[in-house]
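Let's walk through a few residues together, one question at a time. Have the coordinates open and follow along.

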Amino acid sequence: MELKFSKMNGNGNDFIVINNMDLSVDPAYMGSLARQLCKRRFSIGADGLISIEPSKDAHFTMHLVNSDGSLAEMCGNGARCAALYAFKMGIAPRNMTFSTPAGNIEASITPNGVSISMGRLSLEGVTQEQSMTVEGQNIVYWHLTVGVPHTVIFLPTSAPQSKEALRELSIAIQGDIKRFPHSTNVNYVKLYKDSLHTLTFERGVGDFTLSCGTGSIASAVVAWLRGMVKPPVKVQNPGGVNLVHFKEIQKNLLKVSLEGPAEFSFEGVVTIE
Ligand SMILES: N[C@@H](CCC[C@H](N)C(=O)O)C(=O)O
């Protein structure tokens, strides 16, 4: 079967996007398809595969599978790509709603990119400032779910940062299933003036990605809880900036949105079995 796809990215967090509104590709097959097509240097290569599928109560469903074949319940950068794709393909209007396993998302195509309303985030589920010993090091971390699980670790601004050492640390943290039963994305955050610099080691990718939308939100919210920043928070990822807006609508409840770029890189056709 010949499958048309678009290659897209949000700040370099890259995705293969397919129009599967007619369900011509069985959704149950997405995990194995993602493992094949996302393999860098052997296939198209990407951090994940997004299948745009029908929805009962929204314009479409974003079905996002990580490069290792696991389901991502939510993805901030992927959500912006899915929204732009659906708009360009005539699947959804400029202001749209789409469903994800983490709930419905509202999105708007703006002159500056795409804005995603992530709904409400309860601060009651935030694990604040805990210590753990990983590979002989004492690590202070915060943990919260922004559709997907995120661990946030602050690094001193001046700390030398060996990516190899952070990779080893991230793999060990992700493997701590007792503490993180669904594994976790791991965000390393530094504060520079009034903006955050975040580097995310992603669950389901097994590597640092160039940007993580939900990781940007997690980093911004935790930095705000620590009194380091005020919204809107500019989060510099290696691949570009995500702007995180939030407002406390009642005690311990935030309304959160994410703004940033989404772009088409190229289109293609791939033969699948
Ligand atoms: N890059 C994403 C997050 C994707 C999901 C993650 N890999 C997971 O499975 O937890 C983002 O932009 O939010």
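Q: Is G76 buried or exposed?
A: This is a predicted model, and the relative accessible area computed for G76 is 0%. Buried means under 20%, so G76 falls on that side of the cut-off and is buried.

Q: In which helix is the place of G76, and which residues is G76 in contact with, leaving aside its neighbours within four places in sequence?
A: G76 belongs to the helix that covers residues 76–88, namely α2. Beyond its sequence neighbours, the contacts of G76 are I116, G213, T214 and L258.

Q: Is N77 buried or exposed, and what does N77 touch, not counting residues up to four places away in sequence?
A: N77 also has its place in helix α2. Its relative accessibility is 0%, so N77 counts as buried. With residues up to four places away set aside, N77 touches G10, N13, F15, S211, C212, G213 and N242.

Q: Which residues of the UniProt "binding site" feature does the lining of the largest cavity include?
A: The unreviewed UniProt entry places this feature at N13, N66, G76, N77, N185, E202, R203, G213 and T214. Of these residues, the lining of the largest cavity includes N13, N66, N185, E202, R203 and T214.

Q: Where does S216 lie, and which residues does S216 touch, not counting those up to four places away in sequence?
A: Helix α4, residues 213–225, holds S216. The relative accessible area of S216 is 0%, so this residue is buried. Outside its sequence neighbourhood of four places, S216 touches V235, N237, N242 and V244.

Technical notes
Residues numbered from 1 in each chain as written. Predicted model: local features only at pLDDT ≥ 70, side-chain atom pairs only at ≥ 80, totals over all residues. Heavy atoms only, no water. UniProt positions renumbered as here; feature names shortened; annotations may be inferred. 1 Å grid on protein atoms, 1.4 Å probe; cavity = no way out; pocket = protein on both sides within 12 Å on 5 of 7 lines; lining within 4 Å. Helix = DSSP H or I, 4+ residues; strand = E, 2+ residues; numbered from the N terminus. Buried < 20%, exposed > 50% of the residue type's maximum accessible area, 1.4 Å probe, protein only. Contact = heavy atoms within 4.5 Å.
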